[in-house]
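Hi everyone, thanks for making time this morning. I'd like to walk you through one chain, so let me put it up on the screen.

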Amino acid sequence: GTKPERVQVVVLRDRALIGLVRWVLSRPRAGDRVFLHTYSVYRRFLARLHERLGVEAGFTPHSPRAEFASEAIADGVGF
């Protein structure tokens, strides 16, 4: 659901994490989803949360990914 004109990837180097991802991806059957909620469902959930709290934090479904990258760079982690 985001920017279909470009490929988005994540590089994993930790063996335990690679094993966990492989295990998770080996479990679904045809037609199953690995993630139960779509981008739009997550976006609507965040909008309802902002409304109930009476604040506009500006979070989007992409925020955790962008924040993780920003924090890693600030901590001196290389690409």
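**A loop valine and its surroundings**

Let me start with Val-34, which is found in the loop between α1, residues 15-26, and α2. Before we go further, please keep in mind that what you see is a predicted model.

So, is Val-34 buried, exposed or partly exposed? Its relative accessibility is 37%, so Val-34 counts as partly exposed. What does Val-34 touch, once we set aside residues up to four places away in sequence? The answer is Val-24, Leu-25 and Pro-28.

Let's follow Val-24 for a moment. Val-24 sits in helix α1, and 10 residues along the chain separate it from Val-34, with 7.6 Å between the two C-alpha atoms. Val-24 has a relative accessibility of 33%, and therefore it is partly exposed as well.

Both valines belong to a nonpolar patch on the surface. The other members of that patch are Val-10, Leu-12, Leu-17, Leu-20, Val-21, Trp-23, Leu-25 and Phe-35. Together, the residues of the patch have about 930 Å² of accessible area.

Now let's step back to the whole chain. How many helices and strands does it have? There are 3 helices and 0 strands, so the order from the N terminus is α-α-α. The chain has 79 residues, and buried ones make up 5% of them. About 7,600 Å² of the chain is exposed, with carbon and sulfur atoms supplying 60% of that area.

On to helix α2, which covers residues 39-53. I picked two residues here, Arg-48 and His-50.

Arg-48 has a relative accessible area of 45%, which makes it partly exposed because that value lies between the 20% and 50% cut-offs. It takes part in a positive surface patch, together with Arg-43, Arg-44 and Arg-52.

And His-50, is it buried or exposed? With a relative accessible area of 8%, His-50 is buried, because buried means under 20%. Which residues are in contact with His-50, leaving aside its neighbours within four places in sequence? Those are Val-55, Glu-56, Ala-57, Gly-58 and Phe-59.

To recap, we have looked at a nonpolar patch that includes Val-24 and Val-34, a positive patch that includes Arg-48, and a buried histidine, His-50, in helix α2. Thanks for listening, and I'm happy to go back to any of these on the screen.

How values were computed
Residues numbered from 1 in each chain as written. Predicted model: local features only at pLDDT ≥ 70, side-chain atom pairs only at ≥ 80, totals over all residues. Heavy atoms only, no water. Patch = residues over 30% accessible without salt bridge, like charges linked within 9 Å, V, L, I, M, F, W, Y side chains within 5 Å. Areas by Shrake-Rupley, 256 points an atom, 1.4 Å probe, with all protein chains shown as cover. Salt bridge = Lys/Arg side-chain N within 4 Å of Asp/Glu carboxyl O. Lys, Arg positive; Asp, Glu negative; His and termini not counted. Charge placed at Lys NZ, Arg CZ, Asp CG, Glu CD. Helix = DSSP H or I, 4+ residues; strand = E, 2+ residues; numbered from the N terminus. Buried < 20%, exposed > 50% of the residue type's maximum accessible area, 1.4 Å probe, protein only. Contact = heavy atoms within 4.5 Å.
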